[in-house]
Amino acid sequence: MAGRVEGKVAFITGAGRGQGRSHAVRLAQEGADIVAVDICHNIEGALPMATPEDLAETVKLVEALDRRIVARQADVRDFDALKAAVDAGVEELGRLDIVLANAGIASAGGPVETMAASSWHDTIDINLTGLWHTARAAVPHLIAGGRGGSIVLTSSVAGLQAMPGMSGYVSAKHGVIGLMRALAVELGQHRIRVNAVLPTNVNTPMFMNEGAFKLFRPDMENPGPDDVAAVIAQFMHVLPVGWVEPEDISNAILFLVSDEARYITGVPLPVDAGALIK
């Protein structure tokens, strides 16, 4: 039985680890070849980013599934580098069908009156402008292919609700929803569908860290996962879980990019354990 994206090529940003790696592996399991991009160096004021070794591990995991992968280090803030990466991938793999604009950061943030200006600019530049760069670099290949295609932008539950001390992140993720809708309207004539996923907390380094845990347990000096899970489940989610797994987001994306969702476009799809109806 053929895979759900058999013979297609997917361009994925932030593919070095976490959700991006999970997306690459899940689509490869279903028959896709991958163009993988990650910044592979840290950004001041943000949580540690993926490393070159992380991106190399993603390559190994995809190749172990007998799929092809072209991996490049590139910063989504740098349009020329991003374009060079997707151009090289399309040249080697022969086509482009799927775009997952997934790269993002979680910055220190804080109240507006004390937040560093650099934190605001980096968050907006990566979490919103970086997605626009990704679309701008990839869309010409989708159009030229003449087969339609699918784009999924990674937003967040913060794309539809506010969170204190995170004005940059919330603003960027709200902007992603607007960008998704604008792209859906622009690209529908080419049979290119554009949707967004809105994850809640995900079991990746972006959430599973002491800083994030302290948001939920400020009463503790060094809270760990066991200290916050019940609190998150009670106050943030309808379903009794503290977070979801990367594969849960990947499975939602697989549906959105497959032919099963061939008439779905312009949709913000929460994968949030009920956070947005809490």
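Val-241 counts as partly exposed in this predicted model, at 33% relative accessibility. The residue sits in the loop that runs between α7 (225–235) and α8 (246–257). Looking back along the chain, Val-231 is 10 residues away from Val-241, and the C-alpha atoms of the two are separated by 9.5 Å. Val-241 also has a part in a nonpolar surface patch of about 370 Å², which it makes together with Val-238, Leu-239 and Ile-277. Ile-277 comes from elsewhere in the chain, in the segment after β7 (268–271). With 70% relative accessibility, Ile-277 counts as exposed, whereas Val-241 is partly exposed.

Now for the charged side chains. Side chains of opposite charge can pair when their charged atoms come close. The count for this model comes to 13 salt bridges. One of them joins Arg-68 and Asp-33, with the closest N and O atoms 3.0 Å apart. Arg-68 belongs to the loop between α2 (52–63) and β3 (69–73), while Asp-33 is in strand β2 (residues 33–38), so this pair ties together parts that lie 35 residues apart in sequence. The two partners also differ in how they are covered: Asp-33 is buried, because its relative accessibility is 4% and the cut-off for buried is under 20%, but Arg-68, at 43%, counts as partly exposed. The pair does not stand alone, as Glu-6, Asp-33, Arg-67 and Arg-68 are linked in a network of salt bridges.

The loop between α2 and β3 that holds Arg-68 is also where Asp-66 is found. Asp-66 has a phi near 65°, a positive value in a residue other than glycine. Its relative accessible area is 67%, so Asp-66 is exposed.

Two further salt bridges are worth a look. Glu-30 and Arg-26 meet through their side chains at 3.3 Å, N to O. Both ends of this bridge are buried: Glu-30 has a relative accessible area of 15%, and Arg-26 has 18%. Glu-210 and Lys-214 form another bridge, and here the closest N and O atoms are 3.3 Å apart. These two residues are four apart in helix α6 (residues 210–216), which means that about one helical turn separates them. Glu-210 is partly exposed, with a relative accessible area of 37%, and Lys-214 counts as partly exposed too, at 36%.

That leaves the open space in the model. Rolling a probe the size of a water molecule over the atoms shows where empty space is left. The second largest pocket holds about 350 Å³ of space. Strands β5 (149–154) and β6 (192–199) are the elements that give two or more residues to its lining. In total, 18 residues line the second largest pocket, and Arg-147, Gly-148, Gly-149, Arg-191 and Arg-193 lie nearest its centre. By type, the lining divides into eight charged, six polar and four nonpolar residues.

Arg-191, one of the residues nearest the centre of that pocket, lies in the loop between α5 (167–187) and β6. Arg-191 is not a glycine, yet its phi is positive, at about 60°. With a relative accessible area of 55%, Arg-191 is exposed.

Technical notes
Residues numbered from 1 in each chain as written. Predicted model: local features only at pLDDT ≥ 70, side-chain atom pairs only at ≥ 80, totals over all residues. Heavy atoms only, no water. 1 Å grid on protein atoms, 1.4 Å probe; cavity = no way out; pocket = protein on both sides within 12 Å on 5 of 7 lines; lining within 4 Å. Points joined across faces, edges and corners; volume = space filled by probe spheres on them. Nonpolar A, V, L, I, M, F, W, Y, C, P; charged D, E, K, R; others polar. Patch = residues over 30% accessible without salt bridge, like charges linked within 9 Å, V, L, I, M, F, W, Y side chains within 5 Å. Areas by Shrake-Rupley, 256 points an atom, 1.4 Å probe, with all protein chains shown as cover. Salt bridge = Lys/Arg side-chain N within 4 Å of Asp/Glu carboxyl O. Buried < 20%, exposed > 50% of the residue type's maximum accessible area, 1.4 Å probe, protein only.
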